[in-house]
Amino acid sequence: MTTYLAGIDFNAPSHEVARLLIGVTVLVDGVGGRIVETEAYDREDPASHTYNGPTERNAAMFGPPAHAYVYRSYGIHWCLNFVCREEGHGAGVLIRAIEPLHGLDKMAARRGLDDPRLLCSGPGRVCQALGVTREHNGKSLALPPFELLPRDAAAIALPVAAGPRIGISKAMDTPWRFGVARSPYLSKPFRQPDRQ
């Protein structure tokens, strides 16, 4: 089973994978772009869907690494996660935002707008723009319709910021949100360090 994709070992802890995914290109049926924002979750993390153990809804997150876990947020938006750690552990990385680079016309049609900054700036927007639904839940990231492309030299050089995750009510201070500092494609800017 493939757990090493785009230069990343998906058997690693989710917060390590979340950071390394910044700059990786994700495509779904050829549509997508460079990941610019992620959040990590782990079974021992009270903010994680897996904290209370396996259910029918979160089963994919307990499945093999390098697979998709797709869930509905607030009954409205689909959210895409990449499963990490060994099968049965229950960890993953939420894809919060991407810089749209491939299939912009399709993304714009799906989203009903043209501003590239708003196409994929949030987990629900990512799924709508890429056409991700529950049908993708549990699918391998190593096989179509998914494709992960490793970071190029420019992506490796991107400055990565870290901070608290967004929109959760538990473990709010855990700094497991990662992103390209000052990217215009983020769902929300990172707080700048206080100047001394």
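**Exercise 1.** In which loop does Ala6 lie? Locate the residue in this predicted model, then describe its backbone and its burial.

*Solution.* Start with the position: Ala6 belongs to the loop between β1 (4-5) and β2 (8-9). Next, take the backbone angle, where phi of Ala6 is near 50°, a positive value in a residue other than glycine. Most residues other than glycine have a negative phi. Finally, turn to accessibility: the relative accessible area of Ala6 is 18%, and since buried means under 20%, Ala6 counts as buried.

**Exercise 2.** Carry out the corresponding analysis for Arg182, and decide whether this residue is buried or exposed.

*Solution.* Arg182 is found in the segment after β10 (177-180), and its phi is near 65°, again a positive value in a residue other than glycine. The relative accessible area of Arg182 is 65%; because the exposed class begins over 50%, Arg182 is exposed.

**Exercise 3.** Describe strand β8 by working from the loop that precedes it to its faces and its pairing with β3.

*Solution.* Begin in the loop between α4 (123-130) and β8, where Pro145 lies. A cis peptide bond joins Pro144 and Pro145, with omega at about 10°. Most peptide bonds are trans.

Then consider the strand, residues 146-149, in which Phe146 and Leu148 form a covered face, whereas Glu147 and Leu149 form an uncovered one. In a regular strand the side chains alternate between the two faces of the sheet.

For the pairing, β8 runs antiparallel to strand β3 (residues 25-28), and four bridges join the two. Within this pairing, Leu27 has Glu147 of β8 as its bridge partner.

**Exercise 4.** Which residues touch the most other members of the largest nonpolar core, and what surrounds Phe82?

*Solution.* The largest nonpolar core has 46 residues, and Phe10, Leu21 and Phe82 are those that touch the most other members. Strand β7 (residues 91-102) supplies the largest share of this core, namely five residues.

Leaving aside residues up to four places away in sequence, the contacts of Phe82 include Phe10 and Leu21, together with Val26, Ile35, His67, Ala91 and Leu148. A second core, separate from this one, has eight residues, among them Tyr41, Ala60, Cys79 and Val83.

**Exercise 5.** Which residue lies over the face of Phe190, and at what distance from the ring centre?

*Solution.* The residue is Arg177, which lies over the face of Phe190 at 3.8 Å from the ring centre. As for aromatic pairs, the structure holds two.

Definitions and conventions
Residues numbered from 1 in each chain as written. Predicted model: local features only at pLDDT ≥ 70, side-chain atom pairs only at ≥ 80, totals over all residues. Heavy atoms only, no water. Phe/Tyr/Trp six-rings, centres within 6.5 Å; stacked < 30°, edge-to-face > 60°. Lys NZ or Arg CZ within 6 Å of the ring centre and 35° of its normal. Buried < 20%, exposed > 50% of the residue type's maximum accessible area, 1.4 Å probe, protein only. Pairing = 2+ DSSP bridges. Core = buried A, V, L, I, M, F, W, Y, C linked by side-chain atoms within 4.5 Å. Contact = heavy atoms within 4.5 Å.
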